[in-house]
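Please look through the model below with its sequence at hand. The paragraphs that follow go from one residue to its surroundings and then to other parts of the chain.

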Amino acid sequence: MKHLLSIAELGRGDVEELFRLAGECKARTRTRASATPLAGRSLALVFEKPSLRTRVTFEVGMAQLGGTAVYLAGKDIGLGTRESIADVARNLGRWVDAIAARTYAQAAVEELARHAGVPVINGLSDQEHPCQALADFFTLWERGLDLGTLRLAWVGDGNNVLHSLVLLAALVGAEVAIACPPGYEPDPSVLAAARGLGGRLAVTSEVTEAVRGAHAVYTDVWVSMGQEAERERRLEAFSRYQLNERVLGFARPGALAMHCLPAHRGEEITDAVLDGPQSVVFDQAENRLHVQKAVLLTLLGAGGVRA
(Lines give C-alpha, C1' and ligand atoms only; values in the text may rest on other atoms or scores of the structure.)
Protein backbone atom coordinates (compact mmCIF):
# COMPACT_ATOMS: atom_id res chain seq x y z
CA MET A 1 0.00 0.00 0.00
CA LYS A 2 1.93 3.02 -1.31
CA HIS A 3 -0.99 5.47 -1.51
CA LEU A 4 -4.68 5.55 -0.64
CA LEU A 5 -6.27 7.09 -3.73
CA SER A 6 -9.13 4.61 -4.09
CA ILE A 7 -10.60 1.73 -2.13
CA ALA A 8 -9.84 -0.39 -5.21
CA GLU A 9 -6.13 -0.26 -4.24
CA LEU A 10 -6.81 -2.26 -1.07
CA GLY A 11 -7.14 -5.97 -0.52
CA ARG A 12 -9.24 -7.69 2.12
CA GLY A 13 -6.14 -8.24 4.24
CA ASP A 14 -5.34 -4.52 4.09
CA VAL A 15 -8.82 -3.68 5.37
CA GLU A 16 -8.59 -6.18 8.23
CA GLU A 17 -5.22 -4.79 9.30
CA LEU A 18 -6.44 -1.18 9.10
CA PHE A 19 -9.45 -2.04 11.26
CA ARG A 20 -7.24 -3.83 13.80
CA LEU A 21 -4.88 -0.87 13.95
CA ALA A 22 -7.75 1.66 14.09
CA GLY A 23 -9.21 -0.25 17.03
CA GLU A 24 -5.85 -0.08 18.80
CA CYS A 25 -5.59 3.65 18.07
CA LYS A 26 -9.08 4.23 19.41
CA ALA A 27 -8.45 2.29 22.61
CA ARG A 28 -5.25 4.23 23.29
CA THR A 29 -6.97 7.55 22.55
CA ARG A 30 -9.76 6.71 24.98
CA THR A 31 -7.26 5.97 27.76
CA ARG A 32 -5.02 8.88 26.73
CA ALA A 33 -2.09 6.52 26.43
CA SER A 34 0.76 8.46 24.85
CA ALA A 35 2.66 7.17 21.81
CA THR A 36 4.60 9.14 19.22
CA PRO A 37 5.52 6.75 16.39
CA LEU A 38 5.34 9.61 13.88
CA ALA A 39 7.63 11.97 15.77
CA GLY A 40 9.52 14.08 13.28
CA ARG A 41 7.10 13.22 10.45
CA SER A 42 4.97 15.80 8.63
CA LEU A 43 1.75 15.75 6.61
CA ALA A 44 0.66 18.37 4.06
CA LEU A 45 -3.09 18.94 3.82
CA VAL A 46 -3.85 20.19 0.30
CA PHE A 47 -7.51 21.22 0.36
CA GLU A 48 -9.38 22.71 -2.59
CA LYS A 49 -12.63 22.24 -0.64
CA PRO A 50 -13.48 23.41 2.88
CA SER A 51 -13.67 20.79 5.59
CA LEU A 52 -14.50 20.16 9.23
CA ARG A 53 -14.03 16.41 9.80
CA THR A 54 -11.25 15.73 7.31
CA ARG A 55 -9.07 18.64 8.38
CA VAL A 56 -9.52 18.23 12.13
CA THR A 57 -9.09 14.46 12.15
CA PHE A 58 -5.90 14.56 10.09
CA GLU A 59 -4.42 17.44 12.10
CA VAL A 60 -5.36 15.94 15.47
CA GLY A 61 -4.33 12.46 14.34
CA MET A 62 -0.86 13.61 13.35
CA ALA A 63 -0.49 15.55 16.61
CA GLN A 64 -1.54 12.56 18.72
CA LEU A 65 0.99 10.38 16.89
CA GLY A 66 3.77 12.91 17.45
CA GLY A 67 3.86 14.40 13.96
CA THR A 68 2.98 17.75 12.39
CA ALA A 69 0.32 18.74 9.84
CA VAL A 70 0.51 21.80 7.56
CA TYR A 71 -2.79 23.06 6.12
CA LEU A 72 -2.79 24.51 2.59
CA ALA A 73 -6.10 25.90 1.32
CA GLY A 74 -6.82 26.11 -2.38
CA LYS A 75 -6.16 29.84 -2.47
CA ASP A 76 -2.75 29.33 -0.84
CA ILE A 77 -1.27 27.25 -3.63
CA GLY A 78 -3.61 27.56 -6.63
CA LEU A 79 -3.36 23.87 -7.46
CA GLY A 80 -3.05 23.62 -11.26
CA THR A 81 -3.48 27.37 -11.80
CA ARG A 82 -0.82 29.35 -9.94
CA GLU A 83 1.44 26.32 -10.18
CA SER A 84 1.11 22.98 -11.92
CA ILE A 85 -0.04 20.01 -9.87
CA ALA A 86 3.19 18.20 -10.75
CA ASP A 87 5.35 21.06 -9.48
CA VAL A 88 3.31 21.39 -6.28
CA ALA A 89 3.82 17.66 -5.73
CA ARG A 90 7.56 17.83 -6.42
CA ASN A 91 7.96 20.67 -3.92
CA LEU A 92 5.89 19.06 -1.20
CA GLY A 93 7.70 15.76 -1.66
CA ARG A 94 10.96 17.51 -0.69
CA TRP A 95 9.49 18.87 2.56
CA VAL A 96 6.88 16.48 3.95
CA ASP A 97 6.47 12.76 4.51
CA ALA A 98 2.91 12.42 3.20
CA ILE A 99 0.12 14.41 1.55
CA ALA A 100 -3.62 14.28 2.19
CA ALA A 101 -5.51 15.96 -0.66
CA ARG A 102 -9.13 17.09 -0.77
CA THR A 103 -9.81 18.00 -4.39
CA TYR A 104 -12.51 18.28 -6.99
CA ALA A 105 -11.01 16.02 -9.67
CA GLN A 106 -9.81 12.51 -8.92
CA ALA A 107 -7.14 13.14 -11.56
CA ALA A 108 -5.62 15.84 -9.32
CA VAL A 109 -5.06 13.39 -6.46
CA GLU A 110 -3.61 10.85 -8.88
CA GLU A 111 -1.24 13.41 -10.40
CA LEU A 112 -0.01 14.42 -6.95
CA ALA A 113 0.75 10.76 -6.28
CA ARG A 114 2.64 10.36 -9.56
CA HIS A 115 5.02 13.22 -8.84
CA ALA A 116 5.33 13.64 -5.06
CA GLY A 117 7.54 10.67 -4.22
CA VAL A 118 5.73 10.35 -0.86
CA PRO A 119 2.42 8.66 0.08
CA VAL A 120 -0.72 10.50 -1.00
CA ILE A 121 -4.12 10.02 0.66
CA ASN A 122 -7.39 10.89 -1.03
CA GLY A 123 -9.21 12.96 1.59
CA LEU A 124 -12.13 13.38 -0.84
CA SER A 125 -12.51 13.83 -4.58
CA ASP A 126 -15.53 13.97 -6.82
CA GLN A 127 -14.99 10.28 -7.57
CA GLU A 128 -14.25 8.74 -4.15
CA HIS A 129 -14.01 9.27 -0.40
CA PRO A 130 -12.02 6.25 0.81
CA CYS A 131 -11.30 7.53 4.33
CA GLN A 132 -15.01 8.01 4.94
CA ALA A 133 -15.91 4.53 3.71
CA LEU A 134 -13.24 2.94 5.89
CA ALA A 135 -14.55 4.82 8.94
CA ASP A 136 -18.11 3.75 8.08
CA PHE A 137 -17.37 0.05 7.83
CA PHE A 138 -15.10 0.23 10.87
CA THR A 139 -18.10 1.67 12.76
CA LEU A 140 -20.20 -1.33 11.74
CA TRP A 141 -17.36 -3.77 12.46
CA GLU A 142 -16.69 -2.45 15.97
CA ARG A 143 -20.37 -2.95 16.79
CA GLY A 144 -19.95 -6.65 16.14
CA LEU A 145 -21.86 -6.85 12.87
CA ASP A 146 -20.81 -9.63 10.52
CA LEU A 147 -19.74 -7.66 7.46
CA GLY A 148 -19.90 -10.78 5.29
CA THR A 149 -23.66 -11.08 5.82
CA LEU A 150 -24.44 -7.38 6.16
CA ARG A 151 -27.03 -5.65 3.98
CA LEU A 152 -26.36 -1.92 3.65
CA ALA A 153 -29.02 0.28 2.06
CA TRP A 154 -28.12 3.59 0.43
CA VAL A 155 -30.85 6.19 -0.14
CA GLY A 156 -30.07 9.24 -2.25
CA ASP A 157 -27.41 10.45 -4.65
CA GLY A 158 -25.03 8.02 -6.38
CA ASN A 159 -22.01 10.05 -5.30
CA ASN A 160 -18.34 9.75 -4.31
CA VAL A 161 -19.07 8.35 -0.84
CA LEU A 162 -21.25 5.63 -2.35
CA HIS A 163 -18.53 4.77 -4.87
CA SER A 164 -16.07 4.05 -2.06
CA LEU A 165 -18.71 2.19 -0.05
CA VAL A 166 -19.60 -0.24 -2.84
CA LEU A 167 -15.93 -1.02 -3.49
CA LEU A 168 -15.23 -1.60 0.20
CA ALA A 169 -18.42 -3.64 0.61
CA ALA A 170 -17.20 -5.92 -2.16
CA LEU A 171 -13.90 -6.46 -0.33
CA VAL A 172 -15.55 -7.38 2.97
CA GLY A 173 -18.44 -9.35 1.46
CA ALA A 174 -21.31 -7.01 2.32
CA GLU A 175 -24.38 -6.51 0.12
CA VAL A 176 -25.37 -2.99 -0.95
CA ALA A 177 -28.86 -2.02 -2.09
CA ILE A 178 -29.00 1.43 -3.68
CA ALA A 179 -32.08 3.63 -4.16
CA CYS A 180 -31.47 6.67 -6.39
CA PRO A 181 -33.73 8.87 -8.50
CA PRO A 182 -33.44 8.13 -12.22
CA GLY A 183 -30.42 9.93 -13.61
CA TYR A 184 -28.58 10.08 -10.29
CA GLU A 185 -27.25 6.52 -10.15
CA PRO A 186 -23.60 5.80 -9.27
CA ASP A 187 -20.92 5.65 -11.97
CA PRO A 188 -21.44 2.41 -13.97
CA SER A 189 -17.68 1.84 -14.12
CA VAL A 190 -17.49 1.84 -10.31
CA LEU A 191 -20.38 -0.62 -10.08
CA ALA A 192 -18.64 -2.83 -12.64
CA ALA A 193 -15.40 -2.66 -10.65
CA ALA A 194 -17.24 -3.60 -7.44
CA ARG A 195 -18.96 -6.53 -9.13
CA GLY A 196 -15.56 -7.57 -10.49
CA LEU A 197 -14.40 -7.83 -6.88
CA GLY A 198 -17.36 -10.07 -6.12
CA GLY A 199 -19.65 -7.31 -4.89
CA ARG A 200 -23.34 -7.99 -4.39
CA LEU A 201 -25.18 -4.89 -5.61
CA ALA A 202 -28.70 -3.88 -6.51
CA VAL A 203 -29.76 -0.50 -7.90
CA THR A 204 -33.37 0.64 -7.87
CA SER A 205 -35.42 3.82 -7.85
CA GLU A 206 -37.67 2.45 -5.07
CA VAL A 207 -36.64 3.38 -1.53
CA THR A 208 -38.57 0.65 0.26
CA GLU A 209 -37.14 -2.01 -2.04
CA ALA A 210 -33.60 -1.01 -1.12
CA VAL A 211 -34.22 -0.52 2.59
CA ARG A 212 -36.25 -3.65 3.27
CA GLY A 213 -34.23 -6.05 5.43
CA ALA A 214 -31.21 -3.74 5.74
CA HIS A 215 -28.95 -3.83 8.80
CA ALA A 216 -27.97 -0.20 8.18
CA VAL A 217 -29.41 2.64 6.10
CA TYR A 218 -27.11 5.37 4.79
CA THR A 219 -27.81 8.73 3.21
CA ASP A 220 -25.88 11.86 2.22
CA VAL A 221 -26.67 15.42 1.17
CA TRP A 222 -28.65 15.95 -2.02
CA VAL A 223 -26.61 19.00 -3.02
CA SER A 224 -22.85 18.60 -2.60
CA MET A 225 -20.13 21.23 -2.90
CA GLY A 226 -19.93 22.43 -6.49
CA GLN A 227 -23.57 21.51 -7.22
CA GLU A 228 -25.20 24.63 -5.81
CA ALA A 229 -26.49 25.71 -9.23
CA GLU A 230 -28.47 22.46 -9.40
CA ARG A 231 -30.09 22.91 -6.01
CA GLU A 232 -33.73 23.42 -7.01
CA ARG A 233 -33.64 20.62 -9.58
CA ARG A 234 -32.02 18.26 -7.12
CA LEU A 235 -34.44 19.06 -4.28
CA GLU A 236 -37.32 18.17 -6.57
CA ALA A 237 -35.68 14.97 -7.84
CA PHE A 238 -34.80 13.71 -4.34
CA SER A 239 -37.98 14.70 -2.51
CA ARG A 240 -39.05 11.03 -2.13
CA TYR A 241 -35.62 9.93 -0.88
CA GLN A 242 -35.54 11.31 2.64
CA LEU A 243 -34.28 9.06 5.45
CA ASN A 244 -37.02 9.46 8.05
CA GLU A 245 -38.62 7.25 10.70
CA ARG A 246 -41.07 5.75 8.22
CA VAL A 247 -38.29 4.74 5.81
CA LEU A 248 -36.09 3.40 8.61
CA GLY A 249 -39.04 1.29 9.71
CA PHE A 250 -38.75 -0.82 6.54
CA ALA A 251 -35.29 -1.96 7.61
CA ARG A 252 -34.54 -4.66 10.17
CA PRO A 253 -35.53 -3.87 13.75
CA GLY A 254 -32.79 -1.79 15.31
CA ALA A 255 -31.17 -1.02 11.95
CA LEU A 256 -28.50 1.64 12.16
CA ALA A 257 -28.90 5.07 10.55
CA MET A 258 -25.78 6.48 8.87
CA HIS A 259 -24.70 9.79 7.35
CA CYS A 260 -21.21 11.07 6.49
CA LEU A 261 -22.00 14.71 7.39
CA PRO A 262 -22.48 17.60 7.02
CA ALA A 263 -26.22 17.00 7.15
CA HIS A 264 -28.91 19.23 5.73
CA ARG A 265 -31.46 18.48 8.43
CA GLY A 266 -34.98 18.32 7.11
CA GLU A 267 -33.82 17.50 3.58
CA GLU A 268 -32.10 14.13 3.17
CA ILE A 269 -32.50 13.18 6.86
CA THR A 270 -34.79 14.19 9.70
CA ASP A 271 -33.75 15.25 13.19
CA ALA A 272 -35.66 12.28 14.61
CA VAL A 273 -33.40 9.85 12.74
CA LEU A 274 -30.12 11.75 12.94
CA ASP A 275 -30.46 12.31 16.69
CA GLY A 276 -32.36 9.10 17.37
CA PRO A 277 -31.28 5.93 19.20
CA GLN A 278 -30.45 4.07 15.97
CA SER A 279 -28.08 6.75 14.70
CA VAL A 280 -24.34 6.04 14.54
CA VAL A 281 -23.63 9.23 12.61
CA PHE A 282 -21.35 10.80 15.21
CA ASP A 283 -19.61 7.47 15.79
CA GLN A 284 -18.76 7.53 12.09
CA ALA A 285 -17.39 11.05 12.46
CA GLU A 286 -15.29 10.08 15.51
CA ASN A 287 -13.93 7.04 13.73
CA ARG A 288 -12.51 9.17 10.93
CA LEU A 289 -9.79 10.08 13.44
CA HIS A 290 -8.87 6.52 14.33
CA VAL A 291 -9.05 5.08 10.81
CA GLN A 292 -6.96 7.89 9.36
CA LYS A 293 -4.35 7.38 12.08
CA ALA A 294 -4.22 3.75 11.02
CA VAL A 295 -3.78 4.79 7.39
CA LEU A 296 -0.97 7.20 8.29
CA LEU A 297 0.83 4.60 10.40
CA THR A 298 0.56 2.07 7.58
CA LEU A 299 1.67 4.38 4.77
CA LEU A 300 4.54 5.83 6.77
CA GLY A 301 5.79 2.41 7.82
CA ALA A 302 5.46 3.02 11.56
CA GLY A 303 4.25 -0.53 12.06
CA GLY A 304 2.01 0.24 15.01
CA VAL A 305 0.87 2.81 17.50
CA ARG A 306 3.18 1.76 20.35
CA ALA A 307 6.44 2.87 18.77
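Glu268 has a relative accessibility of 0% and therefore counts as buried, the cut-off for that class being under 20% relative accessible area. In this predicted model, Glu268 belongs to the loop between β9 (256–259) and α12 (271–274). Leaving aside residues up to four places away in sequence, Glu268 touches Thr219, Asp220, Val221 and Trp222, together with Tyr241, Gln242 and Leu243, and also His259, Pro262 and Ala263. Asp136, by comparison, is 132 residues from Glu268 in sequence, and the two C-alpha atoms are 18 Å apart in space.

One of the residues that Glu268 touches, Pro262, leads to a notable piece of backbone, for Pro262 lies in the loop between β9 and α12, and the peptide bond that joins Leu261 to Pro262 is cis, with omega near 0°. Leu261, which is placed in the loop between β9 and α12 as well, has a positive phi, near 65°, although Leu261 is a residue other than glycine. Most residues other than glycine have a negative phi, and most peptide bonds are trans. With a relative accessibility of 13%, Leu261 counts as buried.

A positive phi is also found at Arg32, where the value is about 60° and the residue is again not a glycine. Arg32 sits in the loop between α1 (12–31) and β1, and is exposed, because its relative accessible area of 78% is over the 50% that this class requires.

What is the strand order of the open sheet of four strands? The order is β2-β1-β3-β4, and the pairing is parallel. Since β2 (68–73) and β4 (120–124) stand at the edges, each has a single partner strand, and so one side of each is left without a neighbour in the sheet. From one strand to the next the twist averages 20°. Strand β1 (residues 42–47) is paired with strand β3 (residues 98–102) in the parallel sense over five bridges, and the bridge partner of Leu43 in β3 is Ala98.

The surface offers a further feature, a nonpolar patch formed by Leu52, Val56 and Val60, which together have about 240 Å² of accessible area. Of these residues, Val60 lies in helix α2 (residues 53–64). Val60 counts as partly exposed because its relative accessibility is 33%, a value that falls between the limits of under 20% for buried and over 50% for exposed.

Note on methods
Residues are numbered from 1 along each chain as its sequence is written. This is a predicted model: local features need pLDDT of at least 70, side-chain atom pairs count only at pLDDT 80 or more; totals for chains, interfaces and linings use all residues. Side-chain values use heavy atoms; hydrogens and water are left out. Two strands pair if DSSP finds at least two bridges between them. Helices (H or I, at least four residues) and strands (E, at least two) are DSSP runs, numbered from the N terminus. Axes are lines fitted to C-alpha atoms, for helices over the stretch in contact, and angles run from 0 to 180 degrees between N-to-C directions. Patches are made of residues with over 30% relative accessible area and no salt bridge: like charges are joined within 9 Å, nonpolar side chains (Val, Leu, Ile, Met, Phe, Trp, Tyr) within 5 Å. Accessible areas come from the Shrake-Rupley method with a 1.4 Å probe; for residues, only the protein chains shown count as cover. A salt bridge is a side-chain nitrogen of Lys or Arg within 4 Å of a carboxyl oxygen of Asp or Glu. Buried means under 20% relative accessible area, exposed over 50%, partly exposed in between (1.4 Å probe, protein chains only). Contact means heavy atoms within 4.5 Å.
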